[in-house]
Amino acid sequence: MITVADKIFDSERALYGSRSVKIKNCRFDGPEDGESALKESADIAVENSYFNLRYPFWHDKTVDISDCEMTPMCRAALWYSENVRIERTKLHGIKALRECADVSLLDCDIISPEFGWNCGNVSMESCIAESEYFMMRSAGLDFRNVNMKGKYSFQYIKDALFENCVFDTKDAFWHAENVVVRNCTVKGEYLAWYCKNVTFENCSISGTQPFCYCKGLRLINCGMTDTDLAFERSDAEAYITTPVISIKNPYSGVISVPSAGEIIRDDENAKAKIIIRDNTFENNDAAG
């Protein structure tokens, strides 16, 4: 492997098509404002380097990035690439990751709207993220100890596992399919509408109108705070550990709660069983 160290690159496609190269302590910045520095490259290791220009890693294979900084000017940093490992790196440009496969991120700082669209097999551990439309239409996700803040996250995702994460997000998990969220804190309005085969286990959930229009929804030992009008038109099997403000027209399944401020049944199709444990009462009446 050839080593390139302590250099400044600002020309167009400065290291285009590189093979088996280690890049150390370099800067991709300067007056020529060139794009696509490492496009179509393979077997690249990049350490302690600074990226202030657009599109550095496109159509790359086998890339190892560590201890780097990608500024807000480094737009769309990684697209159409595969077998990528990123550690201890700042990804601060919009659309930093898209249509990539087999990506792992460890201890990264992400500030990137539209991050992670249409990706496959992405693992993320001990990362902080701020984004909108985070990971949309991606599949094969494995997230652990991730702290994420933003809107419209995890929409249309498939086949994902999230453990020990904190998500402060609204309109999250819409249309998600085959997803497990375990031991997580999820704050946000309108959670998981239209999802299919999604399970929340040992989670703390807050925000108005969660879990509407769902199919195959499961909640196992979850707490729900400030949640009202929950489960509208959903098929749900839920065991909730905390009181719920209100439940509205669940279509099928069994929902068990210690108490509910209001149970609304004004839809003739709302036939789910609601168990109020504090009163040992099963509510199947037309109105709560």
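These questions and answers concern aromatic pairs, the nonpolar core and two loop residues in a predicted model.

Visitor: How many residues does the largest nonpolar core have, and which strand gives the most to this core?
Guide: The largest nonpolar core has 80 residues. Phe162, Phe173, Phe200 and Phe231 have the most contacts inside it. With four residues, the strand that gives the most to this core is S26 (residues 217-225).

Visitor: Which phenylalanines is phenylalanine 173 in contact with, leaving aside its neighbours within four places in sequence?
Guide: Among the residues that phenylalanine 173 contacts outside that range are Val179, Leu191 and Trp193. Phe173 also belongs to one aromatic cluster, including Phe115, Phe211 and Phe231. The phenylalanines in contact with phenylalanine 173, its neighbours within four places in sequence left aside, are Phe154, Phe162, Phe167 and Phe200.

Visitor: Is the pair of phenylalanine 28 and phenylalanine 51 stacked or edge-to-face?
Guide: A search of the whole structure finds 29 aromatic pairs. In the pair of phenylalanine 28 and phenylalanine 51, the ring centres are 4.6 Å apart and the planes are at 5 degrees. Planes under 30 degrees apart count as stacked. The pair of phenylalanine 28 and phenylalanine 51 is therefore stacked.

Visitor: How many residues apart in sequence are the parts that phenylalanine 28 and phenylalanine 51 tie together?
Guide: Both phenylalanine 28 and phenylalanine 51 are buried. Phenylalanine 28 lies in strand S4 (residues 27-28) and phenylalanine 51 in strand S6 (residues 50-51), so the parts tied together are apart in sequence by 23 residues.

Visitor: Is the pair of tryptophan 117 and tyrosine 133 stacked or edge-to-face?
Guide: The ring centres of tryptophan 117 and tyrosine 133 are 6.5 Å apart. Their planes are at 80 degrees, so the pair is edge-to-face.

Visitor: Is tyrosine 133 buried or partly exposed?
Guide: Tyrosine 133 lies in the loop between strand S17 (128-132) and strand S18 (139-144). Its ring partner tryptophan 117 is buried, with a relative accessible area of 17%. Because buried means under 20%, tyrosine 133, at 30% relative accessibility, counts as partly exposed.

Visitor: What is the phi of asparagine 249 near?
Guide: Most residues other than glycine have a negative phi. Asparagine 249 lies in the loop between strand S28 (244-248) and strand S29 (252-257), and is buried at 3% relative accessible area. Its phi is positive, near 50 degrees.

Visitor: Which ring does the charged end of arginine 27 sit over?
Guide: The charged end of arginine 27 is 4.1 Å from the ring centre. The ring under the charged end of arginine 27 is that of tyrosine 50.

Methods. Residues numbered from 1 in each chain as written. Predicted model: local features only at pLDDT ≥ 70, side-chain atom pairs only at ≥ 80, totals over all residues. Heavy atoms only, no water. Helix = DSSP H or I, 4+ residues; strand = E, 2+ residues; numbered from the N terminus. Buried < 20%, exposed > 50% of the residue type's maximum accessible area, 1.4 Å probe, protein only. Core = buried A, V, L, I, M, F, W, Y, C linked by side-chain atoms within 4.5 Å. Contact = heavy atoms within 4.5 Å. Phe/Tyr/Trp six-rings, centres within 6.5 Å; stacked < 30°, edge-to-face > 60°. Lys NZ or Arg CZ within 6 Å of the ring centre and 35° of its normal.
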